[in-house]
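Below are my comments on the model you sent, set out as numbered points. Please read them with the coordinates open beside you.

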Amino acid sequence: VHVVVKMYLLPTSVVISNPGATRVGGQLMLVCASKGSRPPASLSWTLNGHSVTPYKEGPEYNPGSSSVSTSTLVINTTREHHGAKVVCQAKNPTRPKSPLSNSTTLIVH
């Protein structure tokens with residue numbers, strides 16, 4: 001008798017690296033990392049409530065027993081980006097109605 005157990009796990013964390021303030025015309029790079037999801041989480045970004053396309057999706061890897069997904073967002077900043085809310089959302093593809101997210105606020109001088 002051979003039994004296969006498929007475990008679906010929701011993301012346990014979503015972290016956005018925030019490099020701090022930038023100047024108008026500068027380039028801001030934010031990296032989102034999500035851990036714990038099985039299968040690996042799919043990541044999406046919004047900027048002031050509008051969907052934005054990431055610069056690149058990072059490799060998914062399995063350090064120990066938890067999967068990690070990464071996504072990098074690059075923003076060419078303007079004056080209008082000051083105070084903008086950026087959200088990264090992680091969803092397990094098998095359980096899309098249970099997302100986990102984190103946000104940061106941009107500071108542009």
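1. Ser13 stands opposite Lys35 of strand S2, and in this predicted model that placement belongs to the pairing of S1 with S2 (residues 27-35), which runs in the antiparallel sense over five bridges. Further along, Ser17 has Val31 of S2 as its bridge partner, and Val31 in turn has Thr72 of S6 as a bridge partner.

2. The sheet to which these strands belong is open, has four strands in the order S1-S2-S6-S5, and is antiparallel in its pairing. Its edge strands are S1 (13-17) and S5 (56-57), each of which pairs on one side only.

3. Within that sheet, S2 and S6 pair in the antiparallel sense over nine bridges, and Met29 finds its bridge partner in Val74 of S6. S5 and S6 are likewise antiparallel, with two bridges between them; here Lys56 has Thr72 of S6 as its bridge partner, and Thr72 is also the residue of S6 that is bridged to Val31.

4. How do the side chains of S2 divide between its faces? They alternate along the strand: Leu28, Leu30, Cys32 and Ser34 point to one face and are buried, whereas Gln27, Met29, Val31, Ala33 and Lys35 point to the other face and are not buried. Two residues of the latter group have already come up in the pairing, since Met29 is bridged to Val74 and Lys35 stands opposite Ser13.

5. Strand S6 (residues 68-76) deserves a separate remark, because seven of its nine residues are buried and the strand is therefore largely enclosed by the rest of the structure. The cut-off behind this reading is a relative accessible area under 20%.

6. There is also an open sheet of four strands in the order S4-S3-S7-S8, again with antiparallel pairing. Strands S4 (50-52) and S8 (95-105) stand at its edges with a single partner strand each, so one side of each is left without a neighbour in the sheet. Neighbouring strands of this sheet are turned by 35 degrees against each other on average, with direction ignored.

7. In the sheet just described, S7 (residues 85-92) pairs with S8 in the antiparallel sense over seven bridges, and Gln89 stands opposite Ser101 in S8.

8. Turning to the surface, I would draw attention to a nonpolar patch of about 580 Å², made by Val1, Val3, Val5, Met7 and Leu9. Leu9 lies in the segment before S1, and because its relative accessibility is 32%, Leu9 counts as partly exposed, the range for that class being between 20% and 50%.

9. Some values for the protein chain as a whole may help to frame these points. The secondary structure comes to zero helices and eight strands, which read along the sequence as β-β-β-β-β-β-β-β. The C-alpha atoms fill a box of roughly 65 × 25 × 20 Å along the principal axes, and buried residues make up 30% of the 109 residues.

10. Finally, of the contacts in the protein chain with a separation of 6 or more, 63% are accounted for by residues 24 or more positions apart. The accessible surface of the chain comes to about 6900 Å², and 53% of that surface belongs to carbon and sulfur atoms.

Key: Residues are numbered from 1 along each chain as its sequence is written. This is a predicted model: local features need pLDDT of at least 70, side-chain atom pairs count only at pLDDT 80 or more; totals for chains, interfaces and linings use all residues. Side-chain values use heavy atoms; hydrogens and water are left out. Two strands pair if DSSP finds at least two bridges between them. Axes are lines fitted to C-alpha atoms, for helices over the stretch in contact, and angles run from 0 to 180 degrees between N-to-C directions. Buried means under 20% relative accessible area, exposed over 50%, partly exposed in between (1.4 Å probe, protein chains only). Patches are made of residues with over 30% relative accessible area and no salt bridge: like charges are joined within 9 Å, nonpolar side chains (Val, Leu, Ile, Met, Phe, Trp, Tyr) within 5 Å. Accessible areas come from the Shrake-Rupley method with a 1.4 Å probe; for residues, only the protein chains shown count as cover. A salt bridge is a side-chain nitrogen of Lys or Arg within 4 Å of a carboxyl oxygen of Asp or Glu. Contact means heavy atoms within 4.5 Å.
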